[in-house]
Amino acid sequence: MHLTLRQLTLFEAVARHLSFTRAAEELHLSQPAVSMQVRQLEDAAGLPLFEKLGKRIYLTEAGREMYEYCRRIGEELRDLDEVMAALKGVRRGHLRLSVATTANSFATRILGAFSQRYPESSYTLDVTNRKTLLDQLANNDTDIVIMGKPPEGLELEVQAFMENPLVVIAPPDHPMTLRRGPIPLDEIQSETFVVRERESGTRIAMERFFHERGMQLRTGIETTSNSAIKSAVEAGLGLGIVSIHTLELELKAGALKVLDVEGFPILRHWHVVHRQGRRLPPIAQAFLDYLNSEEARPLLQVPAAA
Ligand code: PGA
């Protein structure tokens with residue numbers, strides 16, 4: 001008997017729904033396309049697979065046999081998929097992902113969704129500052145890194161995958177929140193800023209921004225934590241400059257406000273990075289593919305400032 005997997009797939013859907021229309025909808029095909037394939041399968045079998053009584057269709061005896069075999073073939077194909085995945089090491093692999101402190105806000109969500117696809121694999125998520133990420137890349141101590149600006153001088157595969165705007169934040173009762181139109185940078189200069197540690201990508205980007213404009217910020221508390229910056233700003237200890245990715249909850253709750261400041265946001269990007277020429281473990285390759293997939297897209301939204 002000469003038949004194709006496609007014919008079996010379409011037949012299986014029609015037999016399951018007992019409807020050509022519903023099968024066509026499920027498979028995003030036109031109904032005539034489905035009917036034609038099923039007719040070809042009937043020709044190959046040499047027997048009718050459906051009969052029509054009134055408005056409804058029923059499986060014939062040959063149709064019931066065909067359906068039973070189809071289901072078994074479907075199960076075998078799924079098993080085959082799993083065996084191939086296991087051979088490729090995607091299942092039961094181990095992924096070492098290292099992310100910049102700031103990327104933690106979304107990286108955990110992405111890794112969470114990805115790990116549900118491969119629940120038998122194990123995962124290490126290292127949340128650390130830029131300096132440690134560079135060391136890990138240099139020493140081959142991690143599979144994949146998510147960071148702001150990738151370093152120069154190391155041979156790396158780099159892909160930008162999402163915007164990372166840095167914004168100025170203030171407590172909701174700060175007088176500058178009432179200003180209409182962009183606040184000139186000169187005025188910002190007289191404020192005190194709660195800042196990240198010197199090795200942080202956020203800190204480096206903000207210093208470069210002011211340096212390029214011949215300005216220097218007055219800095220107050222210095223901390224390794226974005227949460228600490230947000231709490232300090234909320235408590236009125238100064239303004240802050242953070243990635244908008246860290247602000248999702250505070251902006252929704254109205255606990256902090258983004259100021260409209262001349263030249264802001266500082267536009268940066270998130271990059272996914274690994275060593276060039278290194279053979280990635282299959283689970284790491286699967287993670288990169290996932291990051292580029294339609295499925296991951298809803299997880300890669302930049303929060304709105306207002
Ligand atoms: P970080 O963020 O400030 O947490 O190091 C990384 C970056 O923005 O480069």
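The points below are notes on a predicted model, taken from overall shape down to single residues.

1. Overall shape. The C-alpha trace spans about 85 × 45 × 30 Å along the principal axes of the protein. The radius of gyration is 28 Å, whereas a compact globule of 306 residues would have a value near 19 Å. Buried residues account for 44% of the 306 residues. The secondary structure consists of eleven helices and eleven strands.

2. Domains. The chain is divided into domain 1 (5–73), domain 2 (77–162 + 269–300) and domain 3 (164–268). Domain 2 is thus written as two segments, 77–162 and 269–300. Between domain 1 and domain 3, the C-alpha centres lie 62 Å apart. A residue pair shows a separation of this kind: the C-alpha atoms of Gln-31 and Ile-244 are 48 Å apart, with the two positions 213 residues apart along the chain. Gln-31 is found in helix α3 (residues 31–45). Its relative accessibility is 36%, so Gln-31 counts as partly exposed.

3. Strand β5 and its neighbours. Strand β5 covers residues 144–147. Ile-144 and Ile-146 point one way from the strand, Val-145 and Met-147 point the other way, and all are buried. On the β3 side (residues 94–100), the pairing with β5 is parallel and uses three bridges. Leu-97 is the residue that stands opposite Ile-144 of β5. Strand β11 (residues 266–275) also pairs with β5 through three bridges, here in the antiparallel sense. Met-147 has His-271 of β11 as its bridge partner.

4. Strand β7. This strand runs over residues 192–196 and is mostly covered, four of its five residues being buried. Strand β8 (residues 218–223) runs parallel to β7 and is joined to it by four bridges. One facing pair is Arg-196 with Thr-223 of β8.

5. Largest pocket. The space in this pocket comes to about 250 Å³. The pocket is lined by 15 residues, and Asn-104, Ser-105, Ser-227, Lys-230 and Thr-246 are the closest to its centre. Helices α5 (104–117), α9 (226–234) and α10 (248–253) each supply at least two lining residues. By class, the lining holds three nonpolar, eight polar and four charged residues. Where does the largest pocket lie with respect to domain 2 and domain 3? It lies between them, because both domains give residues to its lining.

6. Largest cavity. The structure holds one cavity of 30 Å³ or more. The largest cavity has a volume of about 130 Å³. Its lining comprises 18 residues, and Ala-100, Thr-102, Gly-148, Gly-201 and Thr-202 lie nearest the centre. The elements that give two or more residues to this lining are β6 (156–170), α8 (201–212) and β11. The lining of the largest cavity divides into four nonpolar, ten polar and four charged residues. Domain 2 and domain 3 each contribute at least three residues to the lining of this cavity.

7. Backbone points worth a look. Most residues other than glycine have a negative phi, and most peptide bonds are trans. The peptide bond between Phe-264 and Pro-265 is cis, with omega about 0°. Pro-265 sits in the loop between β10 (257–259) and β11.

8. Leu-18. Phi of Leu-18 is near 50°, a positive value in a residue other than glycine. Leu-18 belongs to the loop between α1 (5–17) and α2 (20–26). Is Leu-18 buried, partly exposed or exposed? With a relative accessible area of 34%, Leu-18 is partly exposed, since the partly exposed class lies between 20% and 50%.

9. His-28. A positive phi is also found at His-28, about 55°, although His-28 is not a glycine. His-28 is placed in the loop between α2 and α3. The relative accessible area of His-28 is 73%, so His-28 counts as exposed, the cut-off for that class being over 50%.

Definitions and conventions
Residues are numbered from 1 along each chain as its sequence is written. This is a predicted model: local features need pLDDT of at least 70, side-chain atom pairs count only at pLDDT 80 or more; totals for chains, interfaces and linings use all residues. Side-chain values use heavy atoms; hydrogens and water are left out. Buried means under 20% relative accessible area, exposed over 50%, partly exposed in between (1.4 Å probe, protein chains only). Two strands pair if DSSP finds at least two bridges between them. Domain bounds come from an automatic or database domain assignment. On a 1 Å grid over the protein atoms alone, a cavity is a set of points where a 1.4 Å probe fits but cannot get out, and a pocket is an open set with protein on both sides within 12 Å along at least five of seven lines; lining residues have an atom within 4 Å of a point. Grid points are joined across faces, edges and corners, and a volume is the space filled by probe spheres set on the points. Ala, Val, Leu, Ile, Met, Phe, Trp, Tyr, Cys and Pro count as nonpolar, Asp, Glu, Lys and Arg as charged, and the others, Gly among them, as polar. The radius of gyration is taken over C-alpha atoms; the globule rule is 2.2 Å times the number of residues to the power 0.38.
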